[in-house]
Amino acid sequence: MEPVSTFSSDLNLPRGLFLASSYIVVPSQCHGTLVLNNSGELNHKIETGSQLAFNTCQENIFVATDAWKEPGSCIRVFDLDQKQEERSLTGPDGKNHQWSLLQLSNDAKILAVGTHHGEVMIWNLDSRISTPSKILSVDTDVVLVMKIHEGKLITSNKCGTIQIWDLFTGAYSHTFQGNLKWVTTAHFDQDSRMATSDFGGLTKVWNFKDGSCCLTFDLQSKNSPSFFFTRDKFVAMPWEGPFYVWNRVTLVLERVVPNSCKDVGRQGIWTGDGNIIITSGFDSKTTIQVWDLDCDNEQPLLKVPVFGLVSRLKSDDKMVVVLSMIKGVTFFSNTAVGPEFRVEIWNMDTIVNEAKIFRK
């Protein structure tokens, strides 16, 4: 089995991988952002500054901050179809700030950005106004905007508190408490449950509507684990060691899948087919693995060879995109040299159907 297409580059330090409506977007630390078409061919390159910090992408809009924790950095909005910067955004009165994580709504019309001084700024991108339409004050210093979901804005702070806001009115809704460290991400299932985890691996599943906690499990991870929902399962993957599978409805722990190797940076995605998932970082640094969580086996159904150390793993209903590092990273006087990276595009149906053959 071979990838549909591949693309290699020697740009420095990729800082993400995004699947836009018609593009694959790879931001790099120091040398701009590459925009590929869905066939893996280079469409154009965006000059995103010498110190790209935070970035996000929805539809065909790419947003990035152009400095790392530096005052005076603006937020830049790029139209991928037009191959150009559409505009820049600033804080109130035209002032720039030290930005933290940023999020776009799914329709790319609302942008929310946290700051390093206890505020969340919200822009209506349809309005064409460069300053924020709303500013939310949060009782903390650094604010992370984790997610926009069903008209709600989810933020977190260093104390492990998660706050819910109305995205359109800016009104405070309620607070989720109980994590010990900084919560950095949130995922949702089809029943309005929200899963979160902090840097220590304390994982929780919440009723998003009333704020009650449905599950608490300590993964004792060195970093925030990868976790996601499938049709019937909730899956949590620490950076090393076994991964855990719960029943999505009852939240009863069903399986602990062992893993003896020490590869770190594990990631997982749901294929959209039953409870078949794709993971990286198990018994080899140069494969991704396909599992069927309905099967009671401790080995993947299929191992798909990829080139290099897997850094990012993303998918939609048609393709799986793997971003891999080809060379290591060396630092000389704070200057990063390498690594080269490679993007591989795999057909989702081909991978799933191949795995099903081994299941029978």
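The following paragraphs go through a predicted model, from its nonpolar cores to a sheet and a buried methionine.

The largest nonpolar core has 18 residues. Those with the most contacts inside this core are I278, I288, V290, L313, V320, V322 and W346. Six elements are listed as giving two or more residues to the core: the strands β27 (276-280), β28, β29 (302-305), β30 (309-315) and β31 (319-325), and the helix α1 (348-359). The largest share, four residues, comes from α1. A second core, separate from this one, has 14 residues, among them I75, A108, L111 and W123.

Two residues of the largest core can be followed further. I278 touches Q267, G268, I269, T271, I288, Q289, V290, L313, V320, M348 and I351, when residues up to four places away in sequence are not counted. I288, V290, L313 and V320 thus appear both among these partners and among the core residues with the most contacts.

V290 belongs to strand β28, which spans residues 287-292. Is V290 buried or exposed? Its relative accessibility is 0%, so V290 counts as buried, the cut-off for that class being under 20%. With neighbours within four places in sequence set aside, V290 is in contact with I276, I277, I278, P300, L301, L302, V304, I351 and A355. One of these partners, L302, is twelve residues from V290 in sequence, and the C-alpha atoms of the two are 5.1 Å apart.

Elsewhere in the chain there is an open sheet of four strands, ordered β18-β19-β20-β21 and paired antiparallel. Its edge strands, β18 (183-188) and β21 (213-218), each pair on one side only. On average, neighbouring strands in this sheet are turned by 15 degrees against each other, with direction ignored. Strand β20 (residues 202-207) is joined to β21 by five bridges, and the two run antiparallel. Within this part of the sheet, T203 stands opposite F217 in β21.

The last residue to consider is M146, in strand β14 (residues 144-149). Because its relative accessibility is 3%, M146 counts as buried. Which residues does M146 contact, leaving aside its neighbours within four places in sequence? They are Q103, I154, T155, S156, I162, V183, T184, T185 and A186. V183, T184, T185 and A186 are partners of M146 that fall within the residue range of edge strand β18 (183-188). The C-alpha atoms of M146 and T196 are separated by 9.9 Å, with their positions 50 residues apart along the chain.

How values were computed:
Residues are numbered from 1 along each chain as its sequence is written. This is a predicted model: local features need pLDDT of at least 70, side-chain atom pairs count only at pLDDT 80 or more; totals for chains, interfaces and linings use all residues. Side-chain values use heavy atoms; hydrogens and water are left out. Buried means under 20% relative accessible area, exposed over 50%, partly exposed in between (1.4 Å probe, protein chains only). Contact means heavy atoms within 4.5 Å. A nonpolar core is a set of buried Ala, Val, Leu, Ile, Met, Phe, Trp, Tyr and Cys residues joined through side-chain atoms within 4.5 Å. Two strands pair if DSSP finds at least two bridges between them. Axes are lines fitted to C-alpha atoms, for helices over the stretch in contact, and angles run from 0 to 180 degrees between N-to-C directions.
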